[in-house]
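The following note sets out a reading of the structure shown below, as a series of numbered points. It proceeds from the chain as a whole to individual residues.

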Amino acid sequence: MILFDKPIDCNKCGQQFTVDDSRMGSLRDGDLEVQYFSCPACGAKYHILTTNSTMRSLIERRKAVQLKIKAAHAKRFKESTFKKYLQEYEQIKKEQEKIFPELKAQGEKLLREGEPSE
């Protein structure tokens, strides 16, 4: 499955390629999991997402609240219930946004350490 509609140019070697499942990978280091895609020509890795147990838990909670919101729409729940779900969703999103920059930095560092030096 192709993940982006347009080809990508590798920043390292200039090769143009499409990102599909075969280019995807992940690294684990303790509690961290780094998802990335890589260039087929030179192997340069591009960060997609870094998670730890806290972020993975927040992702699951956010998905669950999204399902509640969808059900609230479909079943025409009371406005107050719908608002409560939206507030919960926004709170989870804020928690994710707070920890995302540090996780991204840690993930990018792990990817760099895995790259061969020039």
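1. Of the 118 residues of the chain, 26% count as buried. The coordinates come from a predicted model, and the remarks below should be read accordingly. The exposed surface of the chain amounts to about 8200 Å², of which carbon and sulfur atoms supply 50%.

2. The secondary structure comprises two helices and five strands. In sequence order the pattern is β-β-β-β-β-α-α. The chain is more spread out than a compact globule, because its radius of gyration is 18 Å, well over the 13 Å that the globule rule gives for 118 residues. Along the principal axes, the C-alpha atoms fill a box of roughly 60 × 30 × 15 Å. Among contacts with a separation of 6 or more, 44% are between residues 24 or more positions apart.

3. The largest nonpolar core has eight residues: Leu58, Val65, Ile69, Ala72, Phe82, Tyr85, Tyr89 and Ile92. At least two residues of this core come from each of helix H1 (53-74) and helix H2 (79-114). One core member, Ala72, touches Phe77, Phe82 and Tyr85 when residues up to four places away in sequence are not counted.

4. Helix H2 merits separate attention. H2 consists of 36 residues and reaches 50 Å from its first C-alpha to its last, close to the 52 Å expected at 1.5 Å a residue. A bend of about 40° is nevertheless found in H2 at Phe100, and a proline, Pro101, follows within four residues.

5. Which residues of H2 are buried? They are Phe82, Tyr85, Tyr89, Ile92, Gln96, Leu103, Gly107, Leu110 and Leu111. The cover over the buried residues of H2 includes strand S3 (24-29), strand S4 (32-38), strand S5 (45-51) and H1.

6. Leu103 illustrates this burial within helix H2. Its relative accessibility is 3%, so Leu103 counts as buried. Leaving aside neighbours within four places in sequence, Leu103 is in contact with Leu32, Thr50, Thr51, Asn52 and Met55. Leu103 and Val34 are 69 residues apart along the chain, and their C-alpha atoms are separated by 9.1 Å.

7. Leu27, in strand S3, is a further residue to examine. Is Leu27 buried or partly exposed? Leu27 is partly exposed, because its relative accessible area is 29%, which lies between the limits of 20% for buried and 50% for exposed. Not counting residues up to four places away in sequence, Leu27 touches Leu32, Glu33, Val34, Tyr36, Leu110 and Leu111. The C-alpha atoms of Leu27 and Gly114 are separated by 9.3 Å, although these residues are 87 residues apart along the chain.

8. Phe17 belongs to strand S2 (residues 16-17). With a relative accessible area of 6%, Phe17 is buried. Beyond its neighbours within four places in sequence, Phe17 is in contact with Pro7, Ile8, Cys10, Arg23, Phe37, Ser38, Cys39 and Pro40. For one of these partners, Pro7, ten residues apart from Phe17 along the chain, the two C-alpha atoms are separated by 5.2 Å.

9. Ser38 lies in strand S4 and should be considered alongside Phe17, with which Ser38 is in contact. The other contacts of Ser38, with neighbours within four places in sequence left aside, are Arg23, Gly43, Ala44 and Lys45. Ser38 counts as buried because its relative accessibility is 19%, and the cut-off for buried is under 20%. The assignment of Ser38 should therefore be read together with that cut-off.

10. Arg76 is the last residue raised here. What is notable about the phi of Arg76? Phi of Arg76 is near 55°, a positive value in a residue other than glycine. Most residues other than glycine have a negative phi. Arg76 lies in the loop between H1 and H2. Arg76 is exposed, with a relative accessible area of 74%.

Conventions: Residues numbered from 1 in each chain as written. Predicted model: local features only at pLDDT ≥ 70, side-chain atom pairs only at ≥ 80, totals over all residues. Heavy atoms only, no water. Core = buried A, V, L, I, M, F, W, Y, C linked by side-chain atoms within 4.5 Å. Buried < 20%, exposed > 50% of the residue type's maximum accessible area, 1.4 Å probe, protein only. Contact = heavy atoms within 4.5 Å. Expected span 1.5 Å × (residues − 1). Bend = angle between axes of the 7 residues up to and from the residue. Rg over C-alpha atoms; globule rule 2.2 N^0.38 Å. Areas by Shrake-Rupley, 256 points an atom, 1.4 Å probe, with all protein chains shown as cover.
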